[in-house]
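Welcome! Open your viewer, load the model shown here, and follow along one selection at a time.

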Amino acid sequence: MPFGSSVSRAGMLVMRWLVRLLLLLVLSVPVALAAVVMLALDDTPLVAAGVALTPAHIERAKRLLSHNDPRRMRPGVLHTLTISQEDLEVIGNYLIARYASGAARFALQEGAGTVRGTLALPSNPFGRYVNMEAELLQTQHLPQVARLRIGRLPVPALVANWWVKERFARLQASADFGAAADTVKHVRV
């Protein structure tokens, strides 16, 4: 058997193997994305209803947000905001009601907090709700995500913290929210 024919056969086998691998990758990406979507969406809400927002709640949320607007704070002056779990729920649910359809619940413990939230989606074949549950731990600066689950999909804390850090950096670079993001130096629970 000539040497050249065995090399071309080996080359053909490698080429076939590479084509099959490429085909497998091309077909598996949409399947993996569909699986992620199906795991992330639910048919039932995790948080059925948020705080029942009365006109007094809405007024309190607006007053708290307005009074603590970082654009109105004097530079170089330390400002401390103390907020109760009830007020946090009122503000969170007020913002959700204003910008989306959903609800949130907050549970604060010494040095940690848990957030549960639900956003309603338009009608679709995968699920009507995006449910999220996160456990946050107090650090020297901003809280860190200890655990995050979106629907039935667990998100590794490393990925969640990287994503939060990236979003925060984008907020700092934003003309609209940069001042607000820059003013938050420490969160204590």
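Start by selecting D42 and N131: their side chains make a polar contact of 2.8 Å. A polar contact is a pair of N or O atoms within 3.5 Å; within protein, one must be able to donate a hydrogen and the other to accept it, and residues adjacent in sequence count only if both atoms are side-chain atoms. This is a predicted model, where local features need pLDDT of at least 70 and side-chain atom pairs count only at pLDDT 80 or more, while totals for chains, interfaces and linings use all residues. Residues are numbered from 1 along each chain as its sequence is written, and side-chain values use heavy atoms, with hydrogens and water left out.

**Stop 1: around D42**

Stay with D42, which sits in strand β1 (residues 41-42). Helices (H or I, at least four residues) and strands (E, at least two) are DSSP runs, numbered from the N terminus. Is D42 buried or exposed? With a relative accessible area of 12%, D42 is buried. Buried means under 20% relative accessible area, exposed over 50%, and partly exposed in between (1.4 Å probe, protein chains only). Now show its neighbours: leaving out residues up to four places away in sequence, D42 touches G127, R128, Y129, N131, G151 and R152. Touching, or contact, means heavy atoms within 4.5 Å.

**Stop 2: L121**

Next, select L121, in the loop between β3 and β4 (129-137). Its relative accessible area is 29%, so L121 counts as partly exposed. Add L41 to your selection: the two residues are 80 apart along the chain, yet their C-alpha atoms are separated by 9.2 Å. L41 is among the residues that L121 touches, along with G127, R128, Y129 and V130, again not counting residues up to four places away in sequence.

**Stop 3: helix α3**

Select residues 85-99 to light up helix α3. How far apart are its end C-alpha atoms? They are 21 Å apart, which agrees with the span expected for 15 residues at 1.5 Å a residue; that expected span is 1.5 Å times one less than the number of residues. The buried residues of α3, including V90, I91 and Y94, pack against α2 (55-67), β2 (102-109) and β3 (112-120).

Zoom in on N93, also in α3. N93 counts as buried because its relative accessibility is 4%. Its side chain reaches the backbone oxygen of E89 at 2.8 Å.

**Last stop: the whole protein**

Zoom out and colour by secondary structure to find 5 helices and 6 strands. Buried residues make up 21% of the 189 residues.
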